[in-house]
Amino acid sequence: MNGLKNKLGDQQDFVDTLKENTVSRKPLLLDKWDSLQKNLITFHVDSLHPVDIKTQKKNLKDSLRREFNKQPKHIFLTFDDGPLVGSAAVDSIARAKKIKVNTFLVGRHATMGKARKRDLDRYKENPYIACYNHSFTHAYNKFTTFYNNPASAYADFEKNEEDLGLKHKIVRLPGRNIWVYDDIRKIDLQSGSSTADLLHTNGYRIYGWDVEWRIQSTTGIPVVPLNDVYHRIRNFMNNKSSMRPNNVVFLMHDDMFQTRKGKQLLVQLIDSLQKENYKFEFIEDYPIKY
């Protein structure tokens, strides 16, 4: 047993250091997690009391997970494509529940009548809602064509920022689950990578999502049942399989909540997440580090 403890000394030393620095909230835990994920930690096998490297890695990962589990868990509710029919429900539910909500807005939709302009104004006046950039045209849903001209696509985001008066240089690319911020770069489809890199070079942070919930927009009937998507969020949180541990970015769309059924499902989901004591966050604070 003593030999095993010696082989796991690096892991235990880290856990002890982490406890000593809990008050200062230095991001030691995330740093160690990143190093493990990138295979930057050197493990040694003692010939007298051998513990193979695979086991050492698993033991360290398990110890890090236990330390993450002692920290708060953060959920980022994100709603794409507003203002649309359904935005009013998102606005009212955020106010009623007093939870932070993130909306990625399409400027062209705000020009489609007085109701959509009113929805946009409500979002901007709501202290529980943060507004971010999802392009002006949403690529007219012709994504490959849109991203084939990165300069034109970049100008589309700039126009959206200016027309909507957006305060944060935070973007989600339409039709793409792409992350580019700090030293993180994760690309799902290469056709959007040049636009993402151009945006990032000019000071934007690009965020994708970990879990998506799809509901048929015309009916409010979920493609994935509420219980299933709720458990998927919990699994991402508990298994630390989201982009950043203890930080889950959850994607929905405004038009999912235009029906009474859709609104009820959103309220039920929020209630379930609150029972888990998840902390609702603005994406401008992503990721919350430990």
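Exposed, in these legends, means a relative accessible area over 50%, buried means under 20%, and partly exposed is what lies in between. The model shown in every view is a predicted one.

**View 1. Asn141, an exposed residue with a positive phi.** With a relative accessible area of 53%, Asn141 passes the 50% mark and so counts as exposed. Look for Asn141 in the loop between E3 and helix H8 (143–147). Its backbone deserves a glance too: phi is positive, about 60 degrees, although Asn141 is not a glycine. As a reminder, most residues other than glycine have a negative phi.

**View 2. Asp81, a buried residue with a positive phi.** Here is another non-glycine residue with a positive phi, this time about 80 degrees. Asp81 belongs to strand E1. Its relative accessibility is 13%, so Asp81 counts as buried. If you would like a distant reference point, try Ser194 in helix H10 (residues 193–201). The C-alpha atoms of Ser194 and Asp81 are 22 Å apart, and 113 residues separate the two along the chain. Ser194 is partly exposed, because its relative accessibility is 41%.

**View 3. Strand E1 and its pairing partners.** Nine of the nine residues of E1 (residues 74–82) are buried, so the strand is largely enclosed by the rest of the structure. Strand E9 (residues 247–253) runs parallel to E1, joined to it by seven bridges. Within this pairing, Phe76 faces Val249 of E9. Strand E10 (residues 279–280) also pairs with E1 in the parallel sense, over two bridges. There, Ile75 has Phe280 as its bridge partner.

**View 4. From E1 over H5 to E2.** E1 and strand E2 (residues 101–105) are parallel and share four bridges. Thr78 stands opposite Asn102 of E2. Between these two strands the chain passes through helix H5 (residues 87–97), making a right-handed β-α-β crossover. On the way from E1 to H5, the loop holds Pro83. The peptide bond joining Gly82 to Pro83 is cis, with omega about 0 degrees.

**View 5. A cis peptide bond after E10.** Tyr286 and Pro287 are linked by a cis peptide bond, with omega near -10 degrees. Pro287 sits in the segment that follows E10. For context, most peptide bonds are trans.

**View 6. The largest nonpolar core.** This core has 38 residues, and Leu77, Trp213, Phe250 and Met252 are the ones that touch the most other members. Elements giving two or more residues to the core include E1, H5, E2, E9, helix H7 (114–125) and strand E3 (129–133). Helix H11 (226–239) and helix H12 (260–275) also each give two or more. H11 supplies the largest share, with six residues.

**View 7. The cavity and its lining.** Rolling a probe the size of a water molecule over the atoms shows where empty space is left. Searching the whole structure turns up one cavity of 30 Å³ or more. The largest cavity holds about 30 Å³ of space. Which residues line the largest cavity? They are Leu30, Phe68, Arg244, Pro245, Asn247, Ile288, Lys289 and Tyr290. Sorted by class, the lining has five nonpolar, one polar and two charged residues.

Methods:
Residues numbered from 1 in each chain as written. Predicted model: local features only at pLDDT ≥ 70, side-chain atom pairs only at ≥ 80, totals over all residues. Heavy atoms only, no water. Buried < 20%, exposed > 50% of the residue type's maximum accessible area, 1.4 Å probe, protein only. Pairing = 2+ DSSP bridges. Right-handed = clockwise from strand over helix to strand, strands pointing away. 1 Å grid on protein atoms, 1.4 Å probe; cavity = no way out; pocket = protein on both sides within 12 Å on 5 of 7 lines; lining within 4 Å. Points joined across faces, edges and corners; volume = space filled by probe spheres on them. Nonpolar A, V, L, I, M, F, W, Y, C, P; charged D, E, K, R; others polar. Core = buried A, V, L, I, M, F, W, Y, C linked by side-chain atoms within 4.5 Å.
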